[in-house]
Amino acid sequence: MRTSFAPNRRPAGYPAEFEQWIETADGRTVFARPVVPDDAPMLQREIETADTETIYQRFFRAPVRLDAAQLDRLCRLDYDTRFALAAFSTDGDGVAIVRYESTEPGVAEVAVVVRKEWRGLGLGTALLASLEEAAVERGIRRFTAYYLPDNAAIEALLSDRGFTTGIRDGEVSFAEKDLSPDGYVEI
Ligand SMILES: CC(C)(COP(=O)(O)OP(=O)(O)OC[C@H]1O[C@@H](n2cnc3c(N)ncnc32)[C@H](O)[C@@H]1OP(=O)(O)O)[C@@H](O)C(=O)NCCC(=O)NCCS
């Protein structure tokens, strides 16, 4: 069992203050930290071993193998307009990832995936709260999210976190949340 998952190499601007232990509802702990370029192999493994339904729910398409450039883009972040947190079990396995990508000044789209065996334990909620804190500090004023209309789990999670959900946008549903202008985030 490892006790630290801090990255060996920290890119410029790496916000170490977002490294944290999170206790799950069943009493286990996971270590969450900002994603770094060296996480690309971990992310590739996670995507390759995820079930088809999860890939559909996250990417709205059948599983595909991401090439090196796509993986690198997902892991090489400026921690400002593009930010992501990954969570690891004490065995070192990736168990969840949340990210935001700014789509226009002050607005960012969020995405979240928790490994099937780790769902329903509050991880998605905790990571999204942390992501929101990072976003507010970096001047993001609105979060948006797209999800498949039958995805009750993400709709409930977003609704719990104060998003207005269920706005239909073609084949997908849309949710949005105005973030606190005074930097206060409800955890
Ligand atoms: C959506 C997802 C991220 C939720 O993560 P999670 O860690 O299981 O969520 P939490 O444990 O924090 O649950 C938060 C709330 O969501 C709701 N929820 C969770 N799973 C649910 C389910 N299967 N059905 C209905 N509501 C559900 C509950 O209201 C829960 O609150 P509660 O525990 O107080 O009842 C996870 O199911 C997932 O990874 N799905 C596949 C990827 C995906 O759909 N991403 C969204 C598109 S970006």
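## The ligand shell

A residue counts as near a molecule if its C-beta atom, placed from the backbone, lies within 6 Å of it. In this predicted model, 22 residues surround the ligand, and those that come nearest are Gln57, Arg119, Gly124, Thr125 and Ala156. Four elements are listed as giving two or more residues to this shell: α2 (52–59), β5 (107–114), α4 (123–137) and α5 (152–160). Helix α5 provides the largest share, 6 residues.

Sorted by class, the shell around the ligand holds 12 nonpolar residues, 7 polar residues and 3 charged residues.

## Strand β6 and its two faces

Strand β6 spans residues 142–147. Phe143, Ala145 and Tyr147 make up the covered face of β6, whereas Arg142, Thr144 and Tyr146 lie on the uncovered one. In a regular strand, side chains alternate between the two faces of the sheet.

## Neighbours of β6

What is the direction of β5 relative to β6, parallel or antiparallel? The two strands run parallel and are joined by 3 bridges. Phe143, on the covered face of β6, is the bridge partner of Ala108. Together with α4, strands β5 and β6 form a right-handed β-α-β unit. Both β5 and α4 from this unit also appear among the elements that give two or more residues to the ligand shell.

Strand β8 (residues 172–178) is joined to β6 by 6 bridges, and this pair runs antiparallel. Thr144, from the uncovered face of β6, has Glu176 in β8 as its bridge partner. Strand β6 is thus joined to β5 in parallel and to β8 in antiparallel fashion.

Technical notes
Residues numbered from 1 in each chain as written. Predicted model: local features only at pLDDT ≥ 70, side-chain atom pairs only at ≥ 80, totals over all residues. Nonpolar A, V, L, I, M, F, W, Y, C, P; charged D, E, K, R; others polar. Buried ≥ 20, exposed ≤ 12 C-beta atoms within 10 Å, placed from the backbone. Pairing = 2+ DSSP bridges. Right-handed = clockwise from strand over helix to strand, strands pointing away.
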